[in-house]
Amino acid sequence: MRMLNLTVNGRVHDVPVDDNELLLDVLRTKVGCTSVREGCGVGACGACTVLVDGRSVSSCLALAVRHDGAEIVTADGLPGDDAVVEAFVECGAMQCGYCIPGFVLMTHELLAENPQPDAEQIAAHLEGNICRCGTYPEICAAVTSAAARGARL
Amino acid sequence: MTETALREGGEEPAVGARWQRAAARGKVRGTTKYVADLPVPPCAQVAVYRSTRPHARILAVDVTQAAALPGVQAVVTGQDLFALLGERLLTGPAFADQPALAYDRVRYVGEPVAAVLARDLATARAAVDLIAVEYEDLEPVYDVETALKGEFFVHDVLRPSSVFGDLSHLRGKRDTNVCYEYNLRTGDVDAVPTDGVTTVSGEFWSPPVAHVPIELPCTTAWVEDDRLEILTTTQTPSYVRQAVADLLDLPLNKVRVRTSVLGGSFGSKMYDRLEPLAAALAWSQQTAVRLVATREEAFLLTTRHGAGVTSSMSADADGNIVAATADVAYDTGAFADVGPRITAKSGMVAAGPYRVENAWIRSRCIYTNKPSAGPFRGFGVPQVTWSHESLVDELARELGEDPAEFRRRHLLREGDEAPMGTVMHSADFVGCLDAVTDEIGWTTPYEKGEGRWRRGRGVAVGMKAVLTPTIANAVIQLNQDGSATLMISTVDMGQGSDTIMPQIVAEVLHLDEGSVRVVAADTDTTPYDTITAGSRSTYHTGNAVRAAAEKMRDKLVDLAAQRLGVAASDCKVTSGGVMSTTAQETVSISDLMHGHFGARGTTLTAEANFTTSWQPYDHETGRSRQVTEHWFAGAVAVEILVDTMTGRVKVEQLAVAGDVGRAINPTLVEQQLTGAAIMGIGHALFDELVFDQGQIVNGTLLDYQLPSVRDVPAKLTAHVIESAHRTGPFGAKGVGETGILAIAPAIANAVRDAVGVRITRLPLSPERVLEAMTEAGVS
Ligand code: FES
Ligand code: FES
C-alpha cells in the first residue's frame, strides 16, 4: 500500500493503493467515479476511458501507481453545461448508455486537437470505442454538433 | 411515417412524439447507476474454478490449499451444494439441466465446478488456482453431426423443467442428444408434381456468435433476516425470483430480486446466469457475495446457437412457390436453456414469409459439449432467415425474375394463412420491402463495374412471431402533485421502455413529458412480468400500462363527477385536469386529489393485467390457428462493393424497415432498427465464435471482432412502417429484433449480385468470399 495523489475532476484525492491496482478500480471504488466502467479489461472497448492530463487512457490497462500526481477527468465530472454532453443529449446519442461516457471523453480529446474534424477524422478517433447498441450514427452526429458549438474543456 | 395530429386544444399527443430518452443526460455523463454501481452490503468477492475438460466425470475436488490461503472465507464445491440442495441445484427455463456448480460431471470447458469466497478478488482468484480437480474423461460431443450419431450423450436423461408445461412428455427420455424437435407438415411436399418445377437447395450455416453487451454480468446476493436479496443484471427479474425460490425452497416473498437499467443485453442476461450460484452461495454461507463475470467468463455464460439448415424451395412453371423444405439443427451446447422454444419458434417460419402451400420442416435442438446457447436478439430466426432469403433469391434468379419483384408477388398479406396455419395481421412485408427498395433506388440501373471493386444490390425480408403466451402487469401510482410513478418489471436495456411506457401513460392521462417515472424492477414492489425479451414489452406490458392508465382515468373522472356534482359521462381528462362540460369547470389533478384525501402528497393507484393466450401447435403437424399474438415484419436492402482482390465486402448503403404497428416514439424505433442493422452487419461479415475441441479460442475482445464506427454504411436509413395492430396499445408492437433478421441474407444476396457467387456459410469473411470466387472461376 502506498498513498497516491490524484486530482479527479478538479478535486484532490489521496488514496491508499496496492502496487498492482488498476486505475479503473481505484477510480470506481476509492474515488467513486462509476462513469468509468469495465467492458473488456484488455484495452479493446473504451468503456473505461479517462482523460489523464488531457490524453485518453484506458484505465483498465493503467496501473494506478503510475499516475501519482495526475490530473484526471471523467465524464461525470464534466461541467453542467458541457458542450459535448449537450450535443450528445440533443442528438440522442445513447441507447443503453453504458459506453457513452467513453465516447464523450474521446470527443473532448479529439476536439482539443482538431476543433473541426471531418467524418473520416471522427471515425479514426473513435474506432477503438465499441458501442454494442450501434449508436454510431448518432454519436458521429453529436461530435459534429459539439464541434459546431466550439466545445472546450 | 404518419405524423400524429394535434389533439383538441392544440395539445401535443404523447404517443407518436419524439420524447427524449429517459435519463438521457445521466447516460451521457455517466451518472446513471447500473447494477455494479449501486450500493450493497460488504461482500465476499467470488471467483469461480471452471472445468478444463469438455466432458468428464468429476472424481475428486481438492480445495485444501485454496481454503488455507489467507483471506479466503470459504470454498464451495458442486458436491457441497448438491449435498444441501439435491436435484434442486439443477435449474433452467426449458430443462432443469444446469447445475449452479457441476457436482458429478462437467459438460463443457469453462463450466463452474467450485467457488471461492474471499475478502478481495485477487485473493479469490489466487485461491482458484490452488484448486485441484481429478477428472475421468468421457467421450466429448463437439458438434451436432456427432451428437446425432447417438453414440455418446451429453445428458443421460432429459429433464423438462416445470416452466413450460408442454415439454413434460419428454421427461425421462434417454439415449438422445436431441432435446426437442419441432415438425411442420403443411400440404404434401412429396405430392408436388415435378413437371416444369424449378428447385433450388442449399446447406446453410450460421456460426455461434456472442452477445457482448458492454456491461458485464454482475450479481450480488445477501441474506437479510430470513430473506434473500439479489441485485443483478437480469432482463428476467420475475423468472429469477421463481428460479431462486425453487432452488432454495423459499416462499416467493422471501426472495427479492432487484435490477437497474442494463448496459445492453441482447438476450444474454436472462434466465439462469450468475443468479443461481450467487443465491446458493449466499444462502448456504449466510453471507453477502458478489459475482462479476470477467469478459472472458461472459463469453462462456451464453452464446447464440450455431445452426445448420439444409433446405430447398421450389416454383412451378408459372413461378408460384409450391414447396419449401428445411431441416434445421440448433447446437444448444451443454444446456438446453430456452433452445427448445427457439427451435419451435424459428422452425415454424423457416419456409419464409411467403404463400407456400406445401412445407416440410424439421427443427431440432441438440446438446453438445460446448458452452450453452440461449436467446439472442432474433431468437433463432436470423439463422432460418439466412436460409429462406438466400433460397428465394436464388429461385428468382433461376427463373429470370427480379428478386424484389419475385418476393413481392409471393409475400404473405393481411388475412393470408402462413404455412404454420396462423392468419396474418399487421405484418406489412410488402410495405417494408417497398420502403427499402425505394430508398436504395432498386429499379434505377447501376454499373456493377469491371475493375477491382464490383457493385451489387441485395434485398431480404424477415418474419418472426412474438413470444406467446405471456403475462404482463402494471401498477400506476398517481401522486397528488400530478406526477406519476409506474411500476412494471420491464427492464430498460437500451430499447427504451423507460421512455415509451411513460408516453403511453401520458397519452391516456394527458400528462407532460417527464412527469411519469418508471421504477426499476424490484420483485418486492413491481408486479410479475414474464420477461423483457423477444420484443414483447411494447405490446404486452404496453397494453397493461395502457389499461392501468385507463382505470386511473376512470377514477379521476369519478372523483371529479362527485366533486362537481355532475355525471361521470360529462367529465373528461384534459391536459389541465378533469373538465366538466356542464359545469364549465376544469379541476386540476392536484386539486382533485387534495380535495378528495384532504392532504398533500397522497397517492391514487390503479393496476392492470394483460395476458395472451395461444393455441399450442399440433405435435404432428406443427400447425396452429393462433400460434402467436402478433408478428414482426421487416425488410432490408443494401448496396455493397466487393473488393475482388481481397474479398472484402463494404456495405455502402443499407435501408432497414420494420412494421411496428404504431411507433410510440419514432426516434427510439429508428435507433432500434439502425442499431440492429449495425449488429447484423457484424453477423454478416465477421462475427463468429471459433471453437477448437469444444473450447472457445477467441473469447476476449482482443480476438473477438465487433462492429465499430468503421463498419457503419455511408448511408444508413431506418423506415418505420405502421400497419396498426388491432389489439396493440394504440396499435403498437415491438421492434427490438425486427431490424436484425434479414441483414445477413440481404448482404449475401448483394454479393451474389456483384460477383455471381452464392455463399451459404456465415460470416462472409474476405477469405470466404475470395475462396468462393476462386472456386466459381470469378476473377
Ligand atoms: S475495459 Fe478498458 S478498454 Fe475495455
Ligand atoms: S449505448 Fe449501449 S453500448 Fe453504446
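I started in the loop of chain B between strand S30 (691–692) and strand S31 (695–696), where Gln693(B) lies. This is a predicted model, so I read every value here as a computed one.

**Entry on Gln693(B).** I looked up the backbone angle and found phi near 50 degrees, a positive value in a residue other than glycine. I had a reason to pause there: most residues other than glycine have a negative phi. Next I asked myself: is Gln693(B) buried or exposed? Its relative accessible area is 56%, so I noted Gln693(B) as exposed.

**Entry on Asp53(A).** Over in chain A, I went to the loop between strand S3 (49–52) and strand S4 (55–58), and found Asp53(A) there. Phi of Asp53(A) is near 50 degrees, again a positive value in a residue that is not glycine. I checked the surface too: with 53% relative accessibility, Asp53(A) counts as exposed, because the cut-off for that word is over 50%.

**Entry on cis peptide bonds.** I then turned to omega, keeping in mind that most peptide bonds are trans. Which bond leading into Pro469(B) did I write down? The one from Thr468(B), which is cis, with omega near 0 degrees. Pro469(B) has its place in the chain B loop between strand S20 (453–465) and strand S21 (471–479).

I also noted Leu762(B) and Pro763(B), which are joined by a cis peptide bond with an omega of about -5 degrees. Where is Pro763(B)? I found Pro763(B) in the loop of chain B that runs between helix H17 (743–755) and helix H18 (766–776).

Technical notes. Residues numbered from 1 in each chain as written. Chains lettered and ligands numbered in written order. Predicted model: local features only at pLDDT ≥ 70, side-chain atom pairs only at ≥ 80, totals over all residues. Heavy atoms only, no water. Helix = DSSP H or I, 4+ residues; strand = E, 2+ residues; numbered from the N terminus. Buried < 20%, exposed > 50% of the residue type's maximum accessible area, 1.4 Å probe, protein only.
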